[in-house]
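Biologist: I would like to go through this model with you, one question at a time. Please give the reasoning before each result.

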Amino acid sequence: MNQYTKGEWEARKLFPDRHGIITKEAWEITTPEYDVVASINHSAPIRKEDDAHLIAAAPDMYEALKECLVNLEILYRAGNLPKSALHLRAEKALSKAEGK
């Protein structure tokens, strides 16, 4: 799964178009260069912003979880740590993110 859009993602609330029209609240997840990674415009307004920020944090969380799992594996293989439910959840989450 190294093919996702790299870099910092940001949640940006969309504002009215040049005619001042907004049909519904919407958010975009973009790179700092404003390349759109995802759009959110279908859920309840209070959840749109929360969802947008969670999606924007996904690359950082993915990389952090991969690093944590590497360290957990080192401790597990050295016999210093049993494989816990948290370890298994981390593996499952990374597999899901990687489309496995």
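Biologist: This is a predicted model, so let us begin with one charged pair. What is the N to O distance in the salt bridge of K83 and E73?

Modeller: The model is indeed predicted, and side-chain atom pairs count only at pLDDT 80 or more. The side chains of K83 and E73 form a salt bridge. Its N to O distance is 3.7 Å.

Biologist: Which parts of the chain does the pair of K83 and E73 tie together, and how many residues apart in sequence are they?

Modeller: E73 belongs to helix 1, while K83 sits in the loop between helix 1 and helix 2. The salt bridge therefore ties the loop to the helix, across a sequence separation of 10 residues.

Biologist: Is E73 buried or exposed? And how does K83 count?

Modeller: Buried means under 20% relative accessible area, and exposed means over 50%. K83 has 34% relative accessibility, so K83 counts as partly exposed. E73 has 15%, and therefore E73 counts as buried.

Biologist: With which other residue does K83 form a salt bridge, E91 being the one I have in mind, and at what distance?

Modeller: E91 has a relative accessibility of 23%, so it counts as partly exposed. K83 forms a salt bridge with E91. The closest N and O atoms of that pair are apart by 3.1 Å.

Biologist: Which residues are linked in a network of salt bridges?

Modeller: The structure holds six salt bridges. K83 pairs with E73, and K83 also pairs with E91. The linked network consists of E73, R77, K83 and E91.

Biologist: Over the face of which residue does K83 lie?

Modeller: A charge sits over a ring if NZ of Lys or CZ of Arg is within 6 Å of the ring centre and within 35 degrees of the ring normal. K83 lies at 5.0 Å from the ring centre in question. The ring belongs to Y76.

Biologist: How many aromatic pairs does the structure hold?

Modeller: Rings pair if their centres lie within 6.5 Å. The number of aromatic pairs in the structure is zero.

Biologist: Which residues does H87 touch, not counting residues up to four places away in sequence?

Modeller: H87 is found in helix 2. Its relative accessibility is 1%, so H87 counts as buried. The residues touched by H87 are L69, L72, E73 and Y76.

Biologist: Why are E63 and K66 separated by about one helical turn? Please add the distance between their closest N and O atoms.

Modeller: E63 and K66 are three residues apart in helix 1, which means a separation of about one helical turn. E63 counts as partly exposed at 30% relative accessibility, and K66 counts as partly exposed at 25%. The two form a salt bridge, with the closest N and O atoms apart by 3.6 Å.

Biologist: What separates the C-alpha atoms of A93 and K66?

Modeller: A93 has its place in helix 2. A93 counts as partly exposed, with 36% relative accessibility. A93 and K66 are 27 residues apart along the chain, and their C-alpha atoms are separated by 9.8 Å.

Biologist: In what order do the elements of the chain run?

Modeller: The chain has two helices and three strands. From the N terminus on, the order is β-β-β-α-α.

Biologist: Which element gives the most to the largest nonpolar core?

Modeller: This core has 12 residues: Y4, W9, A11, W27, I29, I40, A52, A56, Y62, L69, A90 and L94. Strand 2 (27–30), helix 1 (45–77) and helix 2 (85–97) each supply at least two of them. The element that gives the most, with four residues, is helix 1.

Biologist: Which residues is A52 in contact with, leaving aside neighbours within four places in sequence?

Modeller: A52 is itself one of the residues of the largest nonpolar core. Contact means heavy atoms within 4.5 Å. The contacts of A52 are A11, W27, I29 and I40.

Biologist: What separates the C-alpha atoms of G7 and P32?

Modeller: G7 has its place in the segment before strand 1 (10–13). G7 counts as partly exposed at 44% relative accessibility. G7 and P32 are 25 residues apart along the chain, and the separation of their C-alpha atoms is 8.1 Å.

Biologist: What percentage of the residues of the chain count as buried?

Modeller: The accessible surface of the chain comes to about 7,400 Å², with 57% belonging to carbon and sulfur atoms. The chain has 100 residues, and the share that counts as buried is 20%.

Conventions
Residues are numbered from 1 along each chain as its sequence is written. This is a predicted model: local features need pLDDT of at least 70, side-chain atom pairs count only at pLDDT 80 or more; totals for chains, interfaces and linings use all residues. Side-chain values use heavy atoms; hydrogens and water are left out. Rings of Phe, Tyr and Trp (its six-membered ring) pair if their centres lie within 6.5 Å; planes under 30 degrees apart count as stacked, over 60 as edge-to-face and the rest as tilted. A nonpolar core is a set of buried Ala, Val, Leu, Ile, Met, Phe, Trp, Tyr and Cys residues joined through side-chain atoms within 4.5 Å. Buried means under 20% relative accessible area, exposed over 50%, partly exposed in between (1.4 Å probe, protein chains only). Accessible areas come from the Shrake-Rupley method with a 1.4 Å probe; for residues, only the protein chains shown count as cover. A salt bridge is a side-chain nitrogen of Lys or Arg within 4 Å of a carboxyl oxygen of Asp or Glu.
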